[in-house]
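Please open the structure in your viewer and keep the selection tool at hand. The tour below says what to select at each stop and what can be found there.

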Amino acid sequence: RQMCIRDRVMRDRLERFLSEEAETGTKIISLETVRQQSLNIAGRRVNFKYIIDRIDQYPDGSLLIIDYKTGSELKIPSREIFWQDISDRVFIKKKLQSFQLPLYYFFSLRNYGDKVSNACLYSLRSLEKKTLFPEKGRYSKEDALAGYMKCLEFIAAEIFDINAPFMQDREDEGRLCKTCPYFYMCRQ
């Protein structure tokens, strides 16, 4: 029986992935682990429930937090956010893309301490990895993480502020709004 194109593509990608993984010398210490932690943000205790795709341990004992992505482009949050004026939701969205990876790193530091060396996005399509903190960055991990948390504080304060107008981002209109349960609130 002939294999369909989709099955061949899947088999090829899986073989490339397994080949790539066989050469890393790392040990997987966690897969798809569901975790819950709370964080005080903008004067409130906020509970987070999250799933870290994978945590690898290198021979030196350091840990790498991995978030798999299936899309075409890996978008790492800007590491230069900490020194900028954080007072605009649209600016934060453009620079950070997502709080997911910085929060995984932050919570992993709580769980594993300074063993956590970095976090990365891992494309299952191209097998490319992009780290949150480059080896030779202009800014320290601590400064960048403080910037991410400052942005989170700003966004949370806006969400919790009952006087802040609820507005959609114009670039999301149409794309995300179609399935949003709060669509009509934006139209007021």
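Begin by selecting helix α4, which has 20 residues and reaches 28 Å from its first C-alpha to its last, close to the 28 Å expected at 1.5 Å a residue; the expected span is 1.5 Å times one less than the number of residues. Helices here are DSSP runs of H or I with at least four residues, strands are runs of E with at least two, and both are numbered from the N terminus. This is a predicted model, in which local features need pLDDT of at least 70 and side-chain atom pairs count only at pLDDT 80 or more, while totals for chains, interfaces and linings use all residues. Residues are numbered from 1 along each chain as its sequence is written, and side-chain values use heavy atoms, with hydrogens and water left out.

Within α4, colour the buried residues, which include Ala144, Leu145, Tyr148, Leu152 and Ile155; buried means under 20% relative accessible area, exposed over 50%, and partly exposed in between, with a 1.4 Å probe and protein chains only. Among the elements that cover them are β1, β2, α2 and α3, where contact means heavy atoms within 4.5 Å.

Next, select α3, residues 100-112. Its 13 residues should span 18 Å at 1.5 Å a residue, and its end C-alpha atoms are indeed 18 Å apart. The buried residues of α3 include Leu101, Leu103, Tyr105 and Phe107, and the elements covering the buried part of this helix include β3 (63-69) and β4 (116-123). Just after α3, look for Gly113, which takes a positive phi of about 70°.

Stay with the aromatic side chains for a moment. A search of the whole structure finds six aromatic pairs, and Phe106 and Phe107 form one that is edge-to-face, at 5.6 Å centre to centre with 70° between the planes. Rings of Phe, Tyr and Trp (its six-membered ring) pair if their centres lie within 6.5 Å, and planes under 30 degrees apart count as stacked, over 60 as edge-to-face and the rest as tilted. Now add Phe48, Tyr50 and Tyr104 to the selection, and with Phe106 and Phe107 they form one aromatic cluster.

Which side chains make polar contacts with the side chain of Gln37? Select Gln37 in strand β1, and find the side chain of Tyr50 at 2.9 Å and that of Asn111 at 3.1 Å; a polar contact is a pair of N or O atoms within 3.5 Å, where, within protein, one must be able to donate a hydrogen and the other to accept it, and residues adjacent in sequence count only if both atoms are side-chain atoms. Gln37 counts as buried because its relative accessibility is 12%.

Move on to Phe133, in the loop between β5 (129-131) and α4. Phe133 is buried, with a relative accessible area of 5%, and although Phe133 and Pro77 are 56 residues apart in sequence, their C-alpha atoms are 9.7 Å apart in space.

Finally, select the largest nonpolar core, which has 34 residues, with Leu39, Phe48, Phe99, Leu103, Leu132 and Leu152 making the most contacts inside it. A nonpolar core is a set of buried Ala, Val, Leu, Ile, Met, Phe, Trp, Tyr and Cys residues joined through side-chain atoms within 4.5 Å. The helix from the start of the tour, α4, gives the most to this core, with eight residues. Apart from the largest core lies another, of seven residues, among them Leu64, Ile66, Tyr68 and Leu127.
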